[in-house]
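Trainee: Could you take me through one part of this model up close? I'd like to see how a single helix sits among its surroundings, and then hear about a few other spots.

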Amino acid sequence: MEERDPSRRPEAAPASPSGEPADAPAAASEPAVSGSTPAPEAAAPPAAASDNTGNAGAAPIAVPGDPAPVAASTDASPAPPGGVEAAAGAEAPMDLAPVESAAPESAAAPADAGGYLEELSEPLPAAVTTAALEPGAVIQGPDGASFRIVRLVKPGVEVNEYEAVAADTEKPVTIREATGAGKARLEHEAAVLEGLDGPMFPRRIAAFESGEKTYHVAEAVAGPTLAEALAEGKLSFPQILSALAQVAFALTKLHERGWAYLGLRPSAVTLGKPVKLTDFAYATRLGEKPAAPFYHAGYSPPEVLGEHPVDVRDDVYSLGALLFHAVNGQPIAETGVELSTWEPPTPLGGVPQVLDRTLGARDTRYASMAELHRALLRLARRYAPVVHYSIAAATNIGLEASRSANQDAYAYLTGSIESDEGPQPWAMVGVSDGMGGMAAGEVASDAAVRGLITAAAADLGRPKVVTAAEQVEMVRRWMHAANEPAVAAMEKRGVRGGATLVIGCILGRRLTVAHVGDCRLYLVRGDAITPLTRDHSLVMALAMQGEISVEEIRNHPDRSTITRSLGDRHPLPAFYVDTLQQMTGAETLELQAGDILLLASDGQWEPVLEPEMLQTVRQNGPDLHAAAHDLIRLALQRGAPDNTTILLFRLDESTAQNGV
């Protein structure tokens, strides 16, 4: 490579997750918030019919489309938060009749019917008894924080839900506004979420009173719901299993806090990374009885209709019902399901066994959600696409007559971590470029790569599942491990020099990167090539300051002046090693099938432009070896005044069929 001046170093600083049940109407009140307009007069909810025997409607059944059910009280106790007390009297009969999904209305059997079930229906959701806030209205919290309304998302009788943004940061939030008995619902949900700060639960930002209204502000939960995804058929079976395993994990945490969720249904699960649970109105303390009966058809366990204290196995049933829906294409029918005669559209090994332990009588179900979570993980591993890697590399001394040694070096390792979680493939890839002349550069890059190999083999050879945070720190540690022998080699020879190094670590599909210097790492995905590292060089600093264009970097006279390198200081400063954070805003990146990582020394990326790299890789199809050699050949055709090195990594996958 060209002679580098590692001494020119400018001062651097450290880089630095709901169906709203209708609530009883309340009198309208004006909030102490600007931008509200009076809402239309509320329509009274339809009354449940009864006869002089005192019989009351049984627990309502949610209609198709998964709206929240209306609660029917069998005693004088108040309805649960968000429920409507529709009738009171003697115990309702258990022969449940469905509610029609179209234009529901209350109906009753003839008065001489003896014992009968009343059909309870949900009031039209458009009835809003409180003044709805207009878009642009600003709500001021007691701590000085303010929030601007974007739109009314979900009107309710006593709880309105808005899409909004924090006025200072424009960060999206969800605001729920309650009056009357609706306040109790918000307070109940807040109590359930108390202490649950995991990413699978909506994070509460603020709670305050304004006039006669209560406001709860939470992070916005964006993304499609499981109900939408199932209806549109957008999820593969492995994706469904992954989502349900995450739900099981979240419910495990909720159970540890002493609550049963009870409201699990497709519309209460928002898909994302990770999934998020919403609508905690039906959550009940373990060992206690729900405040009033309710039922989500197709998903609630039969025991919620009786006078039974809640149990974690109630949620186990509901999660099994979600799995049944996903496999069957339809939820469980009102008559239930007989698994011994059930014929799924596609036979899937392992699924009947899980359903047998979730949809049976309570005492036959998994004893804990953690046990079901482990079963879903095992099932997910059985159906997960098999990930495998392809790697090819090439290097060349270049055409400069005065160069007698190739100061570039590259390394890669592959393997698999075997643990109780199953096998997880891994790979380490790295490219280094020596600097400081033949006496220093070749030795420094070789020492750095050997240190990298030793550290990576030690970490990845352990039978331990590595978390994302651990992976980020691990690849940073590899950079420090590469620096130590490079420093020792320079001191031993009494020369001044060093090396640049870019490292990629892939665990399954998860990528982390560590980077010092100007070797580059690109992501080739589809018809695009994207840089995942930013050079530590004087010319890149000039480009970032706007003094030169990015295009001028390749030909600038100071392009060889490096601002960070390995081999001349130990230990490295804390800010010294960059990761994916600087270019992507995140420390990790999930790779997709077909993604290619392209690692290159400056002798490759200086003469060969990014569109040319992309074209060369794509025109060689699956043959990475041919692509690597064609890229070297292209650099040679451009004169190759420096050593040139290319390393290509591709993630491939094959799909498991029926768990085999």
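Mentor: Let's start with a bit of vocabulary: the expected span of a helix is 1.5 Å times one less than its number of residues. Keep in mind, too, that this is a predicted model.

Now take helix 8, which runs over residues 468-493. Helix 8 has 26 residues, and going from its first C-alpha to its last you cover 39 Å, close to the expected 38 Å. Right after helix 8 comes Gly494, and its phi is positive, near 65°.

Which residues of helix 8 are buried? Walking along the helix, they are Gln471, Val472, Met474, Val475, Trp478, Met479, Ala482, Asn483, Ala486, Val487, Ala489 and Met490. As for what lies over them, the cover includes helix 7, strand 15 (424-435), strand 16 (498-507) and strand 17 (510-516).

Helix 7 deserves a longer look. Two packed helices are described by the angle between their axes and the distance between the axes. For helix 7 (residues 441-460) and helix 8, the axes come within 7 Å and cross at roughly 145°. The crossing of helix 7 and helix 8 is right-handed. On the helix 7 side, the contact is made by Val443, Ala444, Ala447, Ala448, Gly451, Leu452, Ala455, Ala456, Asp459 and Leu460. Helix 8 answers with Met474, Arg477, Trp478, Ala481, Ala482, Pro485, Ala486, Ala489, Met490 and Arg493. Sort the residues of this contact by class and you get 16 nonpolar, 1 polar and 3 charged. Trp478 is worth spotting on your screen: it is among the buried residues of helix 8 and also takes part in the contact with helix 7.

There's another helix pair to set beside that one. Helix 12 (residues 610-619) and helix 13 pack at about 145°, with their axes 9 Å apart. Their crossing is right-handed. Helix 12 brings Glu612, Met613, Thr616 and Val617 to the contact, and helix 13 brings Ala627, Asp630, Leu631 and Leu634. By class, the contact of helix 12 with helix 13 has 5 nonpolar, 1 polar and 2 charged residues.

Keep going along the chain from helix 13 (624-637) and you enter the loop that leads to strand 22 (644-654), where Ala640 is found. Phi of Ala640 is near 40°, which is a positive value in a residue other than glycine. Is Ala640 buried or exposed? Its relative accessibility is 0%, so Ala640 counts as buried, since the cut-off for buried is under 20%.

Asp279 makes a nice companion. Its phi is positive too, near 60°, and again the residue is not glycine. You'll find Asp279 in the loop between strand 11 and strand 12 (284-285). With a relative accessible area of 4%, Asp279 is buried.

While you're in that stretch, look at the loop between strand 10 (269-270) and strand 11 (276-277), because there's a proline in it: Pro274. The peptide bond from Lys273 to Pro274 is cis, with omega near 0°. A cis peptide bond also joins His570 and Pro571, with omega about 0°. Pro571 sits in the loop between helix 9 (538-544) and helix 10 (581-584).

Next, try Val247 in helix 3 (residues 237-256). Val247 is buried, at 0% relative accessible area. Leaving aside neighbours within four places in sequence, Val247 is in contact with Leu264, Val269, Val275, Leu277 and Leu319. The C-alpha atoms of Val247 and His373 are separated by 8.5 Å, although their positions lie 126 residues apart along the chain.

Last stop, the open sheet. It has 6 strands in the order 3-4-5-6-8-7, paired in the antiparallel sense. Strand 3 (138-140) and strand 7 (204-210) stand at the edges with a single partner strand each, so one side of each has no neighbour in the sheet. From one strand to the next, the twist averages 35°. Strand 3 pairs with strand 4 (residues 146-154) over 3 bridges, and Gln140 stands opposite Ser146 in strand 4. In the loop between strand 3 and strand 4 you'll meet Gly141, which counts as buried at 8% relative accessibility. The C-alpha atoms of Gly141 and Ala207 are 66 residues apart along the chain and separated by 8.1 Å.

Conventions
Residues are numbered from 1 along each chain as its sequence is written. This is a predicted model: local features need pLDDT of at least 70, side-chain atom pairs count only at pLDDT 80 or more; totals for chains, interfaces and linings use all residues. Side-chain values use heavy atoms; hydrogens and water are left out. Two strands pair if DSSP finds at least two bridges between them. Helices (H or I, at least four residues) and strands (E, at least two) are DSSP runs, numbered from the N terminus. Axes are lines fitted to C-alpha atoms, for helices over the stretch in contact, and angles run from 0 to 180 degrees between N-to-C directions. A crossing is left-handed if the near helix is turned anticlockwise from the far one by less than a right angle, and right-handed if clockwise. Contact means heavy atoms within 4.5 Å. Ala, Val, Leu, Ile, Met, Phe, Trp, Tyr, Cys and Pro count as nonpolar, Asp, Glu, Lys and Arg as charged, and the others, Gly among them, as polar. Buried means under 20% relative accessible area, exposed over 50%, partly exposed in between (1.4 Å probe, protein chains only).
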